[in-house]
Amino acid sequence: MHRDLFMMSDRSEEDGDASILTATKPKTKRPPLYKVLLLNDDFTPMEFVVHVLERFFGLNHAQAFEIMLTVHKKGVAVVGVFSHEIAETKVAQVMDFARRHQHPLQCTMEKEE
Ligand code: TYC
């Protein structure tokens, strides 16, 4: 007897919760992505840039050469799109590798809108 009454009130509480859930917009957002950009300069050898693109971005030689030429002609190109942490790592790897070889190659990242 008592048990049945308890179950009824328990269920009506669940109905209340369900109406809140359907009326509340879920606020989970996908994390933003970041473009990694390579910038042109007048001094870094073309072959070095091609090597960087193969080594750190997993591009084959033809893809790497094509992106290198785009940067050379247009001044900048997107070389890939990654999570914030991966983009940061790629930028650091490229900047460190260029510095160690005394080339002024610049690599940056920007949020994808
Ligand atoms: N402009 C350079 C040259 O003529 C080549 C180059 C390409 C440099 C791409 C940087 O991100 C770059 N040697």
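A residue is called buried here when its relative accessible area is under 20%, exposed when that value is over 50%, and partly exposed in between. By that criterion, buried residues account for 27% of the 113 residues in the protein chain. The structure is a predicted model, and the account below moves from the fold to the ligand and then to individual helices and residues.

## Fold

The protein chain contains four helices and three strands, and from the N terminus on these elements follow the order α-β-α-α-β-α-β. The elements that return in the following sections include β1 (34-39), α2 (46-57) and α3 (61-74), together with strand β2 (residues 76-82), helix α4 (residues 84-100) and β3 (106-111).

## Ligand environment

The shell around the ligand consists of Leu38, Leu39, Asn40, Asp41, Thr44, Met46, Val49, Met68, Val71, His72 and Leu105. Sorted by class, this shell has seven nonpolar, three polar and one charged residues. Three elements, β1, α2 and α3, each supply at least two residues of the shell, and α3 gives the most, with three residues.

Polar contacts to the ligand involve Leu39, Asn40 and Asp41, as set out in the table.

| Residue | Protein atom | Ligand atom | Distance |
|---|---|---|---|
| Leu39 | polar backbone atom | oxygen | 2.8 Å |
| Asn40 | polar side-chain atom | nitrogen | 2.8 Å |
| Asp41 | polar backbone atom | nitrogen | 2.7 Å |

Taken alone, the ligand exposes 350 Å², and the protein buries 89% of that area.

Two further members of the shell, Thr44 and Met46, can be described in more detail. Thr44 is located in the loop between β1 and α2, and with a relative accessibility of 11% Thr44 counts as buried, because the cut-off for that class is under 20%. The side chain of Thr44 also reaches the backbone nitrogen of Leu105 at 3.3 Å, and Leu105 is itself listed among the residues that surround the ligand. Met46 belongs to helix α2 and, at 33% relative accessibility, counts as partly exposed. The C-alpha atoms of Met46 and His72 are separated by 8.4 Å, although these residues are 26 residues apart along the chain; both Met46 and His72 belong to the shell around the ligand.

## Helices α3 and α4

Helix α3 has 14 residues and reaches 20 Å from its first C-alpha to its last, which is close to the 20 Å expected at 1.5 Å a residue. Its buried residues are Ala64, Ile67, Met68 and Val71. Seen down the axis of α3, these buried residues fall within an arc of 100°, and they therefore line one face of the helix. An α-helix has 3.6 residues a turn, so residues three or four places apart point the same way. The other side of α3 carries the exposed residues Ala62, Glu66, Lys73 and Lys74. Of the buried residues of α3, Met68 and Val71 also appear in the shell around the ligand.

Helix α4 has 17 residues and reaches 24 Å from its first C-alpha to its last, close to the 24 Å expected at 1.5 Å a residue. In α4 the residues Ala87, Lys90, Val91, Val94, Phe97 and Ala98 are buried. These residues cover an arc of only 140° around the axis, which puts them on the same side of α4. The face of α4 turned away from that buried side carries the exposed residues Glu85 and Arg99.

## Strands and the loop after α4

Val79 has its place in strand β2 and counts as buried at 10% relative accessibility. Val79 and Lys35 are 44 residues apart in sequence, while their C-alpha atoms are 7.5 Å apart in space. In strand β3, Thr108 is partly exposed, with a relative accessible area of 32%. The C-alpha atoms of Thr108 and Val78, which are 30 residues apart along the chain, are separated by 9.7 Å.

Gln102 is found in the loop between α4 and β3, where it is exposed, with a relative accessible area of 73%. Phi of Gln102 is near 60°, a positive value in a residue other than glycine. Most residues other than glycine have a negative phi.

Key: Residues numbered from 1 in each chain as written. Predicted model: local features only at pLDDT ≥ 70, side-chain atom pairs only at ≥ 80, totals over all residues. Heavy atoms only, no water. Near = heavy atom within 4 Å. Polar contact = N/O pair within 3.5 Å; in protein donor to acceptor, adjacent residues only side chain to side chain. Areas by Shrake-Rupley, 256 points an atom, 1.4 Å probe, with all protein chains shown as cover. Nonpolar A, V, L, I, M, F, W, Y, C, P; charged D, E, K, R; others polar. Expected span 1.5 Å × (residues − 1). Buried < 20%, exposed > 50% of the residue type's maximum accessible area, 1.4 Å probe, protein only. Arc of directions from axis to C-beta.
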